[in-house]
Amino acid sequence: MAASPVIVTRGVVLRETETRETDKILTLLSEDRGKISVIARGARRKNCRFAAGAQSLAWSEWTLYQRKDWYYVNEGSTLELFEGLRGDLKALALGFYMAELTECVTLPEEAAPELLRHLLNGLYALSALHKPPELVKPAFEMKLLCLAGFEPLVNACEACGRTDPEEPVLNAALGTLRCRRCAHDGGVSPLCRESLAALRHIVYGDPKRLYSFRIPEEALRRLSRAAGLFLSAQLERTFRTLDFYESLG
């Protein structure tokens, strides 16, 4: 039987699951193969050479081989551990939530370079740039949904066409913007001038400057509520990592 060809790829560990005595199963978002399941034999041993890279949120380079539907680790080297996250429980909890969200919207064996880049940029913003989790969370959520095909229409009021609507609201189910006077149905989240500007920056702005905005605290709360409602309406599921993040206050 011919040996399986060696595969070299880079990826972020979205999730790790302990199995057997010393092994792990890694859910890896790789550059060229998308989301794959990888068996890392011996990853829990103290002397394992690739143990550091086989932990959640690690960005590593892997040498793999494939048998049927599974990939197996041959070698691994760590590229970035995002150490700035690991000393801040709230930032780390948000990182885990970002990884779970990304796992939710990616398909197995389908390359998703924009989603991978978005996750890496979010982790870098928390770890190296020390951006506040309260700002990173809604920006990450909304842009992730845009990249996954759920982009909201927020350039003007859906009903009257005003680009500067008074008392703007976001319809979470439809993903559309309306003036308060044009919003006759439920499921709307109130915005304000500043939170709407931030939302447009997130949806339509340069992804490299995603986390560069500043808005007042109340406007940020409105943005966060709108992002959370929109995400919940579009994905129709809960996230255990979000529950943990929110429990930290």
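## Close-up views of a predicted model

**View 1. Cys160 is partly exposed, with a relative accessible area of 38%.** This is a predicted model, and the first stop is its cysteines. Cys160 takes part in no disulfide, although the sulfur of Cys179, its nearest cysteine neighbour, is 3.6 Å away. That distance fails the test because a disulfide needs two cysteine sulfur atoms within 2.5 Å. Cys192 is in no disulfide either, and here the nearest cysteine sulfur, again that of Cys179, is 15 Å away. With a relative accessible area of 17%, Cys192 is buried, whereas Cys160 is partly exposed. Overall, the disulfide count for the model is 0.

**View 2. Helices α5 and α6 cross at roughly 55°.** Helix α5 covers residues 193-204 and helix α6 covers residues 217-235, and their axes come within 8 Å of one another. That angle makes α5 oblique to α6, and the crossing is right-handed. On the α5 side, the contact is made by Glu194, Ser195, Ala198, Leu199 and Ile202. On the α6 side, Ala219, Arg222 and Leu223 do the job. Sorted by class, the contact has 5 nonpolar residues, 1 polar residue and 2 charged ones.

**View 3. Leu220 sits in helix α6.** Is Leu220 buried or exposed? At 16% relative accessibility, Leu220 counts as buried, since the cut-off for buried is under 20%. Setting aside residues up to four places away in sequence, Leu220 touches Glu134, Leu135, Pro138 and Ile215. Measure from C-alpha to C-alpha and you get 6.4 Å between Leu220 and Ser195, a pair that is 25 residues apart in sequence. Ser195 also turns up among the α5 residues that contact α6.

**View 4. The axes of α3 and α4 cross at roughly 175°.** Helix α3 spans residues 113-127, and α4 spans 133-147. Their axes come within 11 Å, and the crossing angle makes α3 roughly antiparallel to α4. From α3, the contact draws on Glu114, Leu115, His118, Leu119, Gly122 and Leu126. From α4, it draws on Pro133, Val136, Ala139, Phe140, Lys143, Leu144 and Leu147. The tally by class for this pair of helices is 9 nonpolar, 2 polar and 2 charged residues.

**View 5. His130 has a positive phi, near 55°, and is not a glycine.** You'll find His130 in the loop between α3 and α4, the two helices of the previous view. His130 is exposed, with a relative accessible area of 58%. As background for reading a backbone plot, most residues other than glycine have a negative phi.

**View 6. Lys68 also shows a positive phi, about 55°, without being a glycine.** Where does Lys68 sit? It belongs to the loop between β4 and β5, the latter strand being residues 70-80. With a relative accessible area of 79%, Lys68 is exposed.

**View 7. Thr63 lies in strand β4, which runs over residues 59-67.** Thr63 counts as buried, at 17% relative accessibility. Which residues does Thr63 contact, leaving aside neighbours within four places in sequence? Three of its partners are Val6, Ile7 and Val8, and the rest of the list is Tyr72, Val73, Asn74 and Glu75.

**View 8. Asn155 is in the loop that links α4 to β6.** Strand β6 takes in residues 168-171. Beyond its neighbours within four places in sequence, Asn155 is in contact with Thr163, Arg200 and Tyr204. As a distance check, the C-alpha atoms of Asn155 and Ala183 are separated by 16 Å, with their positions 28 residues apart along the chain.

**View 9. Zooming back out, the protein has 7 helices and 8 strands.** Along the principal axes, the C-alpha atoms fill a box of roughly 70 × 40 × 30 Å. Of the 249 residues, 48% are buried. Take the contacts with a sequence separation of 6 or more, and 59% of them join residues 24 or more positions apart.

Key:
Residues numbered from 1 in each chain as written. Predicted model: local features only at pLDDT ≥ 70, side-chain atom pairs only at ≥ 80, totals over all residues. Heavy atoms only, no water. Buried < 20%, exposed > 50% of the residue type's maximum accessible area, 1.4 Å probe, protein only. Axes fitted to C-alpha atoms, helices over the stretch in contact; angles between N-to-C directions. Helix = DSSP H or I, 4+ residues; strand = E, 2+ residues; numbered from the N terminus. Parallel < 35°, antiparallel > 145°, perpendicular 65-115°, else oblique. Left-handed = near helix turned anticlockwise from the far one by under 90°. Contact = heavy atoms within 4.5 Å. Nonpolar A, V, L, I, M, F, W, Y, C, P; charged D, E, K, R; others polar.
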